[in-house]
Amino acid sequence: MNTPYDSLYLFIGGEWIGTEGRDTAVVVNPATETELGRVPLATASDLDRALNIAQASFDVWRRTVPDQRARILKRAADLILERAPHIAAQMTLEEGKPLGEALDEVTRAAEYFEWFAESARRIDGRVVPANRPGVLQLVKRQPIGPVAAFTPWNFPAITPARKLSAALAAGCSVILKPGEESPSTALALARALDDAGLPKGVLQIVFGVPDQVSSHLIASPIIRKVTFTGSVPIGRLLSARAAEGVKPITLELGGHGPVLVFEDADVEKAAVEGVANRFRGTGQVCISSTRFLIQRGAYQTFVERFVTATQALRIGNGLQPETQVGPLANPRQLAKMEELVADAVAKGATLLAGGKRLSGQGFFFEPTVLADVPMTARVMHEEPFGPIAILMPFDEMADGLQEANRLPYGLSAYAFTTSARTAIDVADGLEAGMIGINQYRIVATELPFGGLKESGHGSEGGVEGIEHYLTHKFISQV
Ligand code: NAD
C-alpha cells in the first residue's frame, strides 16, 4: 500500500521539465484524498517552444524510414509491457481503478503500439491508369503534420496509446495534453518511447489549464490535426476552434450505452457480465452499458440476478487485491452521482441497490441500480459516467430499439439473444459505432473504435485508425 508515486514533468524537446518557476496542479489519490504530487503547468512560452520543436521534429520523423519507425514503436511496446506492473500501480494511485484493471489497460495500450508498428510498414499508395497516353498518375499517402492530442483522466494509458501509436506510425509529430488528474501514466508511455529511441521532440507532453493549452495549440498554424477524447461540450468547443483553422479533428465523446436483453437470451450471463461491465472503472467508461432494456418476460429474472451481483461487489482502494470497484476519480464525479440519484428518486425512480457515497476518506460511491426511472429524470438523458445502472422493460424489438436510439449519443450498444434473426435485425437497427452481441467485451486493437451522432466522428484503432493522420497527394507526370 506504500507504492511511491513518480515525479511529474513536462516533456518538451526530449527534456523532462519539472515544476521550477511554473504553476502546478495537485494530483490527488482518489482513494485516500491525499496529495500524490504536483504536475507542472506549461506556460505560453513552453507551448510555443513545443510547437516549434513539433515542426522541426516532424521534418525528421516523416523522413525516418518505415522499418525504423516500426522498430521504435515495437521496442516501446516491449518496454511498456516490461514496466506494466509499475505503470499500473501509478495509474491506480492517481485514477483509482483496481490494479487488475489498470494492468489490463497497460497491456492493451502496449498492443496498440505493437499493432501500429506494423501499420507504419504498410502505408502504400496507388498507381492510377491515366486516360491520356504517356501520363503516370500516382496517389501518395503522407503524414498530415504535427498533431495536437487531448486525452482525459479515465483511461490514462489506452486513450493516449490509441492516438500516439497511429499518429507516430503515420510519421506525425505529436503534442499530447493528457488529463491533469492522472498525469503519470502518459509520462510513462512517453518514457518508454524515449527509451525506445524515438527522436527527441517527436512526442511532447504538456499539462496546463486545459482551455488555455487547447486554444494556444489549435490556433497555431503548425498544428495540422486535432484529436480529442472527452465530453460532448468540450468536443464541440474544440471542433469550432479546429474549424477556424480548417483543421480536421477526431472526436470521441462518450455515450449512454443501451443493452437489449431478449427473452430467448442467456439472461444470467447478460445480467452477471452486465454488472461487471457497468461497474468496471467505477462506471467512468465511455462505452459502458448504462441502460439495460429487458424484454418483459425476462425482466424479473434479470433484475434479481443483476441486483444480487451488484450487491456482492467489493468496493475499496484499488491497490487491495480483493477490490472490484475503486473510487470515482474526482469529487466532481461524486457530486454528480449524488445529484443524479437524488433527482431520479425524487421523480419516482425505485432504488434497487446502492445510491450513496461511502463514509470516510475517498471518493467512493456505491454501485447503484435504478428501476422505474421516469423520462423526466436527468439520468435518462445525461451520461452518468459513474456507477449507476438503469433497468427498464420493453415489449417488442421496435420499442427496445426506439429507446436504445432515443438519445443523441451513439457510441456503444449491446444485445443478448440466441436468435440469429434477432441478432441481425437488432445490430442493423442500433445507432452505435460499436455493437456487442452476446458479449460486453468488444474493443480490440484491430477494430475501429469510434461513435456516431454526438458521440463523435472518426475511428481509432484498426486499419481505419491511421487514416486521419495521413493526407492524399496525387502526382500526375508526363
Ligand atoms: P471535461 O469535459 O471538463 O473534461 C474531460 C477532459 O477534457 C479532461 O481531461 C479535461 O482536461 C479535458 N478538457 C476540458 N476542457 C478542455 C479544453 N477546453 N480544452 C482541452 N481539453 C479540455 O469533463 P470532466 O468533468 O473531466 O468529466 C465530465 C464528463 O465528461 C464526464 O461525466 C463524461 O461525460 C465526459 N468524459 C468523457 C470521457 C470519454 O472517454 N469520452 C472521458 C472523460 C470525461
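## A tour from the ligand to the domains

Begin by selecting the ligand together with G254, where a polar backbone atom of G254 lies 3.3 Å from a nitrogen atom of the ligand. As you look around, keep in mind that the model on your screen is a predicted one.

Next, add D211 to the selection, and you will find an N or O atom in its side chain 2.9 Å from a nitrogen atom of the ligand. Then turn to W153, which has a polar side-chain atom 2.7 Å from an oxygen atom of the ligand. Which residues come nearest to the ligand? If you select the 27 residues around it, the ones that come nearest are W153, S214, S231, R332 and E383.

Now step back and colour the protein chain by its two domains: domain 1 takes in residues 10–253 + 455–477, while domain 2 runs over 257–446. Their C-alpha centres lie 31 Å apart. Where the two domains meet, 30 residues of domain 1 are in contact with 35 residues of domain 2, and the area buried between domain 1 and domain 2 is about 2,500 Å², of which carbon and sulfur atoms give 54%. Within domain 1, select E33, W153 and S455, since these residues lose the most area to domain 2 and together account for 21% of what that side buries. W153 is thus a residue to recall from the ligand, where it was one of those that come nearest.

How many salt bridges are there between domain 1 and domain 2? The count is 2, and for a salt bridge to look at in the viewer, select R441 and D104, whose side chains meet at 3.0 Å, N to O. Between domain 1 and domain 2 there are also 11 residue pairs in polar contact. To see which elements take part, select α3 (84–95) and α4 (99–120), the elements that give two or more residues to the side of domain 1 that touches domain 2. Of these, α4 gives the most, with 7 residues. If you then colour that side of domain 1 by residue type, its residues divide into 13 nonpolar, 7 polar and 10 charged.

For the last stop, select helix α9, residues 267–279, in which K269 and E273 lie 4 residues apart, about one turn of the helix. Show their side chains, and you will see that K269 and E273 meet in a salt bridge of 3.7 Å, N to O. A search of the whole structure finds 30 salt bridges.

Conventions: Residues numbered from 1 in each chain as written. Predicted model: local features only at pLDDT ≥ 70, side-chain atom pairs only at ≥ 80, totals over all residues. Heavy atoms only, no water. Domains from an automatic or database assignment. Contact = heavy atoms within 4.5 Å. Buried area = accessible area lost by both parts, 1.4 Å probe. Salt bridge = Lys/Arg side-chain N within 4 Å of Asp/Glu carboxyl O. Polar contact = N/O pair within 3.5 Å; in protein donor to acceptor, adjacent residues only side chain to side chain. Nonpolar A, V, L, I, M, F, W, Y, C, P; charged D, E, K, R; others polar. Near = heavy atom within 4 Å.
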